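Thanks for making the time. I would like to go through one model today, a few local features at a time.

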Amino acid sequence: MKKKRLVAKFYLKDGLAIRNPQSLDKYSPSEIINIYNDMGVDELIIFDLSTGDAEHEKNLHALKEICTNSQMMVFAGGNIKRFEDVKKILYAGCQMAIIEADKEDAIDIAMQSAKRFGKVKQLAYFKSEADISKYLKISDYCIGFICEEIVSDNLFGGEYIAVVDDTCNIEEALSNSEICAVASESLNDPKINIRALKDELISKDIDMDILTSNIPFSEFKLNSDGLIPVIAQDYMTDEVLMLAYMNEEAYNKTLKIGKMTYYSRSRQKLWTKGEESGHFQYVRSLTLDCDNDTILAKVHQIGSACHTGNRNCFFNKLVARDDIRSNPLKVLDEVYDVISDRKVNPKEGSYTNYLFDKGVDKILKKVGEEAAEIIIAAKNPENEEVVYEISDFLYHVMVLMAQKEISWQDVMQELARR
């Protein structure tokens, strides 16, 4: 059974976040996501309150910034009038779009979206249990649903997120075996101690989504100082960021707050990475090695890992061979950097500069031609030509990316979301 989750619910208006439609307190996208990353809620539900196209675009831009920096899954809805609106929400980085079942064309929009992205990419939103009976057809196209009242007879099936008024009703709702998660505007309040609330719910036999260790710290093999070394690695790129140490207190705090916390040997005290700089490391996974004496931490690194301002602490090169690089991301990044440099610093006779000078239509024509060459090459029994044509295609795609100012990081983030 999946663990139960707590979901914060808020709104976007004129490119800013508000806790409820009547709220006077407004937050920038970066402010609001920093609040929720630190609070410990499991998911976010966001509704777009825009009344016109210009405001809608502003809110989508804010939504993208929130999704890019969120440590949680994000579901968003509001102002969905056509299938293209669902696309924009998913392209902004949301894991699911929320389709209000009582809105005009909702079922048709859900059907189109399910055909394009699969039903796993959308939730239906109902105001009442009566609405579920009235608009049940939408369940064919959505993985689950959100309802503003507790449903006594779950005709819908699938994921069920209940919306409740305040924290007093959260325990009652999560005790219901049908309910997977609870959303409430009360969970947006930065003053509420989400981790304490989870501990209270766990004490009442409600299985909450928290970080728990499969191996007790007592089984770790510590060094002579009573510490265990921890290697921090970027969870997306596998870049090794830094080495630090933990004692049992640091390990337990890391699990509790979801941010890497170490023991400083020089200062003889705990320190949460980023507590002064804001360059936090959010935990993605912790793995113990075969000898139980080293932890590998996969993290989402905010900013730089090194106190010098470098991305990682390993930049003093001692010995290096001039071997051919085989890390695909490094090769793609390096080629992209050369292409981007040509755009800023043109080189006479450069084919790349020829493409930039001719403009996006010429670049698109070449992308199309190279895609066709892959198809033709793939019909042949040998693979060498296919490899060659794919390389040509990727080069021209990177020229297009540089022209549109899209980075490989943008692409990798989108692939990771999928």
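I will take an aromatic cluster, a cavity, two backbone angles, a polar contact and a helix, in that order. Please keep in mind that this is a predicted model.

Let me start with the aromatic rings. Over the whole structure, the search gives 16 aromatic pairs. I will pick out phenylalanine 126 and phenylalanine 156, whose ring centres are 5.8 Å apart. Their planes stand at 70 degrees, and planes over 60 degrees apart count as edge-to-face, so this pair is edge-to-face. Where do these two phenylalanines sit along the chain? Phenylalanine 126 belongs to strand β6, residues 122–126, while phenylalanine 156 is in the loop between β7 and β8. The two are 30 residues apart in sequence, so the pair ties together separate parts of the chain. Both phenylalanine 126 and phenylalanine 156 are buried.

Phenylalanine 156 has another partner, phenylalanine 145. Here the distance is 4.9 Å centre to centre and the angle between the planes is 40 degrees, which makes the pair tilted. Phenylalanine 145 lies in strand β7, so this pair ties the strand to the loop between β7 and β8, with the two positions 11 residues apart in sequence. As for accessibility, phenylalanine 145 has a relative accessible area of 0%, and phenylalanine 156 counts as buried at 10%.

One more ring joins them. Phe126, Phe145, Phe156 and Tyr160 make up one aromatic cluster. Tyrosine 160 is in strand β8, and tyrosine 160 is buried too, at 0% relative accessible area. From tyrosine 160 to isoleucine 179 the C-alpha to C-alpha distance is 5.2 Å, although they are 19 residues apart in sequence.

Next, empty space inside the protein. Rolling a probe the size of a water molecule over the atoms shows where empty space is left. How many cavities of 30 Å³ or more are there? The count is one. The volume of the largest cavity is about 70 Å³. Its lining includes Leu12, Ile46, Phe47, Asp48, His56 and Asn59, and also Leu60, Leu63 and Ile89. Ala76, Gly77 and Gly78 are on the list as well. Three elements give two or more residues each to that lining: β3 (43–48), α2 (53–69) and β4 (73–77). Of the elements, α2 contributes the most, with four residues. By character, the lining of the largest cavity has seven nonpolar residues, four polar and one charged.

Now the backbone angles. Most residues other than glycine have a negative phi, and most peptide bonds are trans. Asparagine 79 has a positive phi, near 55 degrees. Asparagine 79 is placed in the loop between β4 and α3 (83–91). Is asparagine 79 buried or exposed? Its relative accessibility is 15%, and the limit for buried is under 20%, so asparagine 79 counts as buried.

Aspartate 105 also has a positive phi, near 65 degrees. Aspartate 105 is in the loop between β5 (96–100) and α4 (106–117). With a relative accessible area of 45%, aspartate 105 is partly exposed.

A brief stop at one side-chain contact. Threonine 272 is in strand β13, residues 269–272. At 6% relative accessibility, threonine 272 counts as buried. Its side chain makes a polar contact of 3.0 Å with the side chain of threonine 261.

Last, helix α10. The helix covers residues 351–358, and Thr352, Asn353, Leu355 and Phe356 in it are buried. Why do these residues line one face of α10? Looking down the axis, the buried residues fall within an arc of 155 degrees, so they line one face of the helix. In general, an α-helix has 3.6 residues a turn, so residues three or four places apart point the same way. The face of α10 turned away from the buried side carries Asp357 and Lys358, which are exposed.

Both ends of α10 can be described. At the N-terminal end, serine 350 acts as the cap, with a side-chain oxygen 3.2 Å from the backbone nitrogen of threonine 352. After α10 comes glycine 359, with a positive phi near 95 degrees.

That is the end of the list, and I can take questions on any part.

Conventions:
Residues numbered from 1 in each chain as written. Predicted model: local features only at pLDDT ≥ 70, side-chain atom pairs only at ≥ 80, totals over all residues. Heavy atoms only, no water. Buried < 20%, exposed > 50% of the residue type's maximum accessible area, 1.4 Å probe, protein only. Arc of directions from axis to C-beta. Polar contact = N/O pair within 3.5 Å; in protein donor to acceptor, adjacent residues only side chain to side chain. 1 Å grid on protein atoms, 1.4 Å probe; cavity = no way out; pocket = protein on both sides within 12 Å on 5 of 7 lines; lining within 4 Å. Points joined across faces, edges and corners; volume = space filled by probe spheres on them. Nonpolar A, V, L, I, M, F, W, Y, C, P; charged D, E, K, R; others polar. Phe/Tyr/Trp six-rings, centres within 6.5 Å; stacked < 30°, edge-to-face > 60°.
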